[in-house]
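Let's take a walk through this fold together, with the sequence and the model side by side. We will go from the strands to the helices, and then to the charged pairs.

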Amino acid sequence: MQNDLPTFADVASAAERLRPVAVRTPLIACPKLDELTGGRIFVKPEPLQRTGSFKFRGAYNRISRLGSEQRAGGVVACSSGNHAQGVAAAATLLGMPSVIVMPKDAPALKKKRTMAFGGEVVEYDRETEDRDAIANAIARERGAVFVPPYDDFYIIAGQGTVGLEIAEDLAALGIAPDVVVANASGGGLISGIALAIKEHFPRTRVLTAEPAGFDDHARSFRAGHRERNAQLSGSICDALLAATPGRLTFEISSRLVGEGVSASDEEVARAIAFAFEELKIVVEPGGAVALAAVLAGRLDLAGKTAAIVLSGGNVDPATFTACLEVAGRA
């Protein structure tokens, strides 16, 4: 019988399932970050993952475990873009239709790519409409299975393979990290990463990184219960605007993470420019928050080893250019 919460064994199982289809993204050393922080910094570039973000991992792990009867009606999901693309691509690989409920203000590139991966896009207004209600209505009408963006056993386990790869690659180098930082929205990525990192390195600090003003994880850790953000929009980090941490994800992260940092939109823009210049990687705003927090000095990494997750690279050209302009490097 499946437990309510995944464990490290479930992350390891997800890794085996993903091995034939997902990209094992590299762990990259960055001498410039070492110089700036006084530590030894590694970067995990999930923009190189299939569909351009870590979301493919959880989506494929979840959808591939559906039985033949469940697959008949396809799947439906809600997403501003990265989960959308992950679900669409995974469903197509598995021979299933997919419907994605996306906010009208989601980046045009993410909508276009979702459709290119085989997904049918249904738009909604995130300020006035309930995306879950829309998705549930579609699921009932079509007999489709709803695939949550983060608060799901198999989604969390799949996202945890990011942490498993970090742990395995550092262990192969004979290195135990002092700190691992990854962005958080609903919390699927950070909770999954924590399961894997803590299994290999129990003493490693795992931290969330969130946009300033949308730091619901950090506030929830301090309060001891899930807090909500006051707004649903207002940051360039469109991928990180969940209202509150997930129930399952917070059960894990409150135990294994428990602390977080944040970064402003301007700091995120500078991190995007840094990744472009120094790493030659295109990162979207939501994917750059952990790097932004490190570059802004939110963590003392002098003499320490850290791994930073860049979670995605699906950014509109206009947004990317605007970020470079903010950073003074266009």
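## The sheet

In this predicted model, 4 strands come together as an open sheet, and their order is β5-β4-β3-β6. The pairing between them is parallel. Strands β5 (119-124) and β6 (145-146) sit at the edges with a single partner strand each, so one side of each has no neighbour in the sheet.

If you would like to look at one of these edges, try β6. Strand β3, which covers residues 75-78, pairs with β6 in the parallel sense over 2 bridges. A handy place to start is V75, whose bridge partner in β6 is V145.

## Helix α6 and its neighbours

Now turn to helix α6, residues 108-116. Helix α6 lies across two strands, β4 (98-103) and β5, and runs at about 145° to β5.

Helix α6 also has a helical neighbour. Two packed helices are described by the angle between their axes and the distance between the axes. For α5 (residues 82-93) and α6, the axes come within 8 Å and cross at roughly 10°. That crossing makes α5 roughly parallel to α6. Which residues meet here? On the α5 side they are N82, A84, Q85 and A88, and on the α6 side K110, R113 and T114. Sorted by character, the residues of this contact divide into 2 nonpolar, 3 polar and 2 charged.

## Salt bridges that start from α6

Side chains of opposite charge can pair when their charged atoms come close. How many salt bridges does the structure hold? There are 18 of them.

One of these joins the side chains of K110 and D238, at 3.0 Å from N to O. This pair links distant parts of the chain: K110 belongs to helix α6, while D238 is in the loop between α10 (216-223) and α11 (247-256), 128 residues apart. Are these two residues buried or exposed? Both K110 and D238 are buried.

K111 makes a salt bridge too, with E123, at 2.7 Å from N to O. E123 lies in strand β5 and K111 in helix α6, so this pair ties together parts that are 12 residues apart in sequence. Here the two partners fall into separate classes: K111 is buried, with a relative accessible area of 12%, whereas E123 is partly exposed at 41%.

## A pair within α11, and a network

Helix α11 offers a salt bridge of its own. The side chains of E251 and R247 meet at 3.2 Å, N to O. Being 4 residues apart in α11, E251 and R247 are separated by about one helical turn. E251 is partly exposed, with a relative accessible area of 34%, and R247 is partly exposed as well, at 40%.

Elsewhere, salt bridges join into a network, which links K44, E46, R57 and E165.

## A buried serine in α11

Finally, have a look at S253, which lies in helix α11. S253 is buried, because its relative accessible area of 1% falls under 20%. What does S253 touch? Leaving aside residues up to four places away in sequence, S253 touches S191, H217, F221 and G258. One of these, H217, falls within the range of α10 (216-223).

Methods:
Residues numbered from 1 in each chain as written. Predicted model: local features only at pLDDT ≥ 70, side-chain atom pairs only at ≥ 80, totals over all residues. Heavy atoms only, no water. Pairing = 2+ DSSP bridges. Contact = heavy atoms within 4.5 Å. Axes fitted to C-alpha atoms, helices over the stretch in contact; angles between N-to-C directions. Salt bridge = Lys/Arg side-chain N within 4 Å of Asp/Glu carboxyl O. Buried < 20%, exposed > 50% of the residue type's maximum accessible area, 1.4 Å probe, protein only. Parallel < 35°, antiparallel > 145°, perpendicular 65-115°, else oblique. Nonpolar A, V, L, I, M, F, W, Y, C, P; charged D, E, K, R; others polar.
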